[in-house]
Amino acid sequence: MGKRELLAKLDELKSDYVRIQSDMDKLEYVRGRVSSAEQQLIRLEEEIAEVNRQLDEIE
C-alpha cells in the first residue's frame, strides 16, 4: 500500500473507532453489554498502530 492508501485507511479506522466508542458509551448508559464493543476497540487500536508503523517505514 502507498502512503495515500495508508492515510485513507487510517482515517477510516479512526472514524470507526470514534463510532464504536460512542456506541459503547450509549451501551454503558443503558447498562448494556459492552464487551463486544471493547473487543472491537482493541482490534481497531491494533490496526491503527500497524498502519502508523507502516507509515513510519515509508517516511
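# Exercises on a predicted two-helix chain

Arg 43 is partly exposed, with a relative accessible area of 41%. On this scale, buried means under 20% relative accessible area, exposed means over 50%, and partly exposed lies in between (1.4 Å probe, protein chains only). The model is predicted, so local features need pLDDT of at least 70 and side-chain atom pairs count only at pLDDT 80 or more, while totals for chains, interfaces and linings use all residues. Residues are numbered from 1 along each chain as its sequence is written, and side-chain values use heavy atoms, with hydrogens and water left out.

## Exercise 1: The helices

Task: State how many helices and strands the chain has, and test the length of H1 against its expected span.

Solution.
- Step 1. Helices (H or I, at least four residues) and strands (E, at least two) are DSSP runs, numbered from the N terminus. By this assignment the chain holds two helices and zero strands.
- Step 2. The expected span of a helix is 1.5 Å times one less than its number of residues. Helix H1 covers residues 3-29, and its 27 residues should therefore span 39 Å; the end C-alpha atoms are 39 Å apart, which agrees.
- Step 3. The 24 residues of H2 should span 34 Å, and the end C-alpha atoms of H2 are 35 Å apart, again in agreement.

## Exercise 2: The packing of the helices

Task: Identify the buried residues of H1 and of H2, and name what they pack against.

Solution.
- Step 1. In H1, the buried residues are Leu 6, Leu 10, Leu 13, Tyr 17, Ile 20 and Met 24.
- Step 2. These residues pack against helix H2, which covers 35-58; a contact is defined as heavy atoms within 4.5 Å.
- Step 3. In H2, the buried residues are Ala 37, Leu 41, Leu 44, Ile 48, Val 51 and Leu 55. Their packing partner is H1.
- Step 4. Across the chain, buried residues make up 22% of the 59 residues. Of the contacts with a separation of 6 or more, 68% are between residues 24 or more positions apart.

## Exercise 3: The loop

Task: What is the sign of phi at Arg 31, and is this residue buried or exposed?

Solution.
- Step 1. Arg 31 is placed in the loop between H1 and H2.
- Step 2. Its phi is near 60°, a positive value in a residue other than glycine.
- Step 3. With a relative accessible area of 78%, Arg 31 is exposed.

## Exercise 4: The salt bridges

Task: Count the salt bridges, and describe the pairs of Asp 16, Glu 47 and Glu 57.

Solution.
- Step 1. A salt bridge is a side-chain nitrogen of Lys or Arg within 4 Å of a carboxyl oxygen of Asp or Glu. The count by this rule is seven.
- Step 2. Asp 16 pairs with Arg 19, the closest N and O atoms being 3.9 Å apart. Both residues lie in helix H1, three residues apart, about one turn of the helix. Asp 16 is partly exposed at 23%, and Arg 19 is partly exposed at 44%.
- Step 3. Glu 47 meets Arg 43 in a salt bridge of 2.4 Å, N to O. Because these residues are four apart in H2, about one helical turn separates them. Glu 47 is partly exposed, at 25% relative accessibility.
- Step 4. An α-helix has 3.6 residues a turn, so residues three or four places apart point the same way.
- Step 5. Glu 57 bridges to Arg 53, with the closest N and O atoms 2.3 Å apart. Glu 57 is exposed at 57%, whereas Arg 53 is partly exposed at 38%. Elsewhere, salt bridges that share partners join Lys 9, Arg 43 and Glu 47 into one network.

## Exercise 5: The overall form

Task: Compare the radius of gyration of the chain with the globule rule, and relate the UniProt span to the model.

Solution.
- Step 1. The chain contains two helices and zero strands. Its radius of gyration is 14 Å, well over the 10 Å that the globule rule gives for 59 residues, so the chain is more spread out than a compact globule. The radius is taken over C-alpha atoms, and the rule is 2.2 Å times the number of residues to the power 0.38.
- Step 2. Along its principal axes, the C-alpha trace spans about 45 × 15 × 10 Å.
- Step 3. In an unreviewed entry, UniProt lists residues 3-54 as "coiled-coil region". UniProt positions follow the numbering used here, feature names are shortened, and annotations may be inferred rather than shown by experiment.
- Step 4. In the model, residues 3-54 are 90% helix and 0% strand, and their end C-alpha atoms lie 9 Å apart.
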